[in-house]
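Hi,

Here is the model I promised to pass on. Have a look at it first, and my notes follow underneath.

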Protein chains: 2
Amino acid sequence: MARFKRHLLVCENERAEGHPRGSCARKGGAELTAKFKEELRNRGMATQFRANKSGCLDACEFGPVVVVYPDAIWYGGVTADDVVEIIESHVIGGKPVRRLMIQDKRFLQEFD
Amino acid sequence: MARFKRHLLVCENERAEGHPRGSCARKGGAELTAKFKEELRNRGMATQFRANKSGCLDACEFGPVVVVYPDAIWYGGVTADDVVEIIESHVIGGKPVRRLMIQDKRFLQEFD
């Protein structure tokens, strides 16, 4: 078993207002990190799974962005309302939430 | 192929001066992130591999701490002098740098 069974990174990078790429911090990134942490704590699972803020994940146009390791599953446009589903289906249950996965081939795993 | 072949998280969490656990920010965390980014850029590899700062990785006593995904290899006590070796041996070469791995069973992968 690894240190964390799953480890979530939530982008909290902030760009200047009006920057063409936008930034996750201006789309609710910090609120997401707080909610992931809180929901994991509430379930008594903060020792098995961890959520952390991160610097720019270079997926600004899809923000707010969350990546889950070791699976390397990338989620975009995540809202606070999606947090419980991501935790229950994917983080705990192992089944990624397809509708939230970034639909760009660079972000979709190819298992070869 | 995943979005990033390897993704490094460098803890930059800062605790108050004198906190018993210490903190990665006070042990050079930010300098490490900058050096990882610079060395990847210099090799023209910043699109395949990524280094990001992160919030607290809960390994403060081993700081500064770096975790590499998807391998889930945890390094502790990393200095700027170790960055090139981690990049060349592990990030690019796939061979973890054993002498820098945190020697605590919670952080050592068990492959079963």
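How many helices and strands does chain A have? There are two helices and four strands in chain A, where helices (H or I, at least four residues) and strands (E, at least two) are DSSP runs, numbered from the N terminus. Reading from the N terminus, the order is β-α-β-β-β-α. Chain A is as compact as a globular protein of its length, because its radius of gyration of 13 Å is close to the 13 Å that the globule rule gives for 112 residues. (That radius is taken over C-alpha atoms, and the rule is 2.2 Å times the number of residues to the power 0.38.)

Before you go further, two housekeeping points. This is a predicted model, so local features need pLDDT of at least 70 and side-chain atom pairs count only at pLDDT 80 or more, while totals for chains, interfaces and linings use all residues. Residues are numbered from 1 along each chain as its sequence is written, chains are lettered from A and ligands numbered from 1 in the order in which they are written, and side-chain values use heavy atoms, with hydrogens and water left out.

On to the inside of chain A: 47% of its 112 residues are buried, meaning under 20% relative accessible area (exposed is over 50%, partly exposed in between; 1.4 Å probe, protein chains only). Of the contacts (heavy atoms within 4.5 Å) with a separation of 6 or more, 60% are between residues 24 or more positions apart.

Now the two copies. Chain A can be laid on chain B by a turn of 180 degrees and a shift of 0.0 Å along the axis, with an RMSD of 0.0 Å; the fit is by least squares on the C-alpha atoms of residues with pLDDT of at least 70 in both. That is the relation of a two-fold axis. Both copies use the same surface, as 100% of the contact residues of chain A recur in chain B.

Two residues are worth clicking on. A:Asn52 sits in strand S2 (residues 49–54) of chain A and counts as buried because its relative accessibility is 0%. Beyond its neighbours within four places in sequence, the contacts of A:Asn52 include A:His7, A:Thr33 and, across in chain B, B:Gly55, B:Cys56 and B:Leu57.

B:Cys56 is in the loop between strand S2 (49–54) and strand S3 (66–69) of chain B, and at 15% relative accessibility it is buried too. With the same neighbours left aside, B:Cys56 touches A:Arg50, A:Asn52, B:Cys11, B:Asn13 and B:Arg15.

Cheers
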